[in-house]
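Have a look at the sequence and the model below, then try the exercises. Each one comes with a worked solution.

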Amino acid sequence: MSLKINLDNTWVTSDHHFWHRGILRYRREDQALDDAALAESHDQVIRTWNQTISEDGLVLVLGDFSMAGLNRTEEVLHRLNGSLAFVRGNHDNAKTLRRLKDRNPEKVHSVQDYLEVKSDGMDTFWGVCSHYPMLDWNGRIYGSVMLHGHWHSAHHSYPEGIGRIVNVNWDVAKEPLLLRSVAYSMGAIRGEGGE
Ligand SMILES: [Fe+2]
């Protein structure tokens, strides 16, 4: 699927792992895994999300959103600003996400395994979205940016000079990234105000 997006009202993020106690080991120095620690972690992610993303924003969620079933995933969804376009990760349940979309069409934009986005204004930006990092992707030699999650730390490396790549994993990026900022930081924008 290819989607026209507004660079100034579209964010990208991944790997929130809501309801996943094990992920707290990456996020808490005290290594607490109890209910209170989980609730605190949810509050922290949701606060950062809502401070960053506008209520009418589009959010590309590149996988591993929630480890829970429909009801508890829905609970989190309704606390988050924006409409979510899901690209599935290895921890996402396809049926849960489909039912989430059916029950919340105003909050869930789409559910798929792969997504491409292009800017809809005078600027030209091409993003290729996948949960997993790829070795090659559509438009790589023309300057498209591969946006991925899955890697929860920054110590992974890519082959040198391969192209424009951004790991949007929550545990690396620490916040949702505005696509306009991604485009500028990668030098991946042409047209007004760009190259
Ligand atoms: Fe993950």
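The exercises go from the whole chain to two sheets and one helix.

Some ground rules: this is a predicted model, where local features need pLDDT of at least 70, side-chain atom pairs count only at pLDDT 80 or more, and totals for chains, interfaces and linings use all residues. Residues are numbered from 1 along each chain as its sequence is written.

**Exercise 1.** Work out how many helices and strands the protein has, and how compact it is.

Solution.
- Step 1: count the elements. There are 6 helices and 10 strands; helices (H or I, at least four residues) and strands (E, at least two) are DSSP runs, numbered from the N terminus.
- Step 2: check the radius of gyration, taken over C-alpha atoms, against the globule rule, 2.2 Å times the number of residues to the power 0.38. The protein comes out at 16 Å, close to the 16 Å that the rule gives for 195 residues, so it's as compact as a globular protein of that length.
- Step 3: look at the extent. Along its principal axes, the C-alpha trace spans about 50 × 35 × 30 Å.
- Step 4: see what's inside. Buried residues make up 35% of the 195; a residue is buried if 20 or more other C-beta atoms lie within 10 Å of its own, exposed if 12 or fewer, and partly exposed in between, with C-beta atoms placed from the backbone.

**Exercise 2.** Find the strand order of the sheet that holds β7, and say which strands stand at its edges.

Solution.
- Step 1: trace the pairs. Two strands pair if DSSP finds at least two bridges between them. That gives an open sheet of 5 strands, β1-β6-β7-β8-β9, with mixed pairing.
- Step 2: find the ends. β1 (2–5) and β9 (164–167) each have a single partner strand, so one side of each is left without a neighbour in the sheet.
- Step 3: follow the pairing. β6 (residues 115–119) runs antiparallel to β7, with 4 bridges, and a hairpin links the two through 6 residues. Val117 has Gly127 as its bridge partner in β7.
- Step 4: carry on across. β7 and β8 are parallel over 4 bridges, with Ser130 opposite His148 in β8.
- Step 5: test the burial of β7 (residues 126–130). 5 of its 5 residues are buried, so the strand is largely enclosed by the rest of the structure. Trp126, Val128 and Ser130 are on one side, with Gly127 and Cys129 on the other.

**Exercise 3.** Now do the same for the sheet that includes β3: what is its strand order?

Solution.
- Step 1: the order is β5-β4-β3-β2-β10, 5 strands in an open, mixed sheet.
- Step 2: β5 (108–112) and β10 (177–178) are at the edges with a single partner strand each, so one side of each has no neighbour in the sheet.
- Step 3: β2 (residues 10–13) and β3 (residues 58–61) run parallel, joined by 4 bridges. Val12 sits opposite Leu60 in β3.

**Exercise 4.** Which residues of helix α2 are buried, and where do they sit around the axis?

Solution.
- Step 1: pick out the buried ones: Ser41, Val45 and Trp49.
- Step 2: place them. The arc (from the directions from the helix axis to the C-beta atoms) is only 65°, which puts them on the same side of α2.
- Step 3: turn to the other side. The exposed residues there include Asp35, Asp43 and Arg47.
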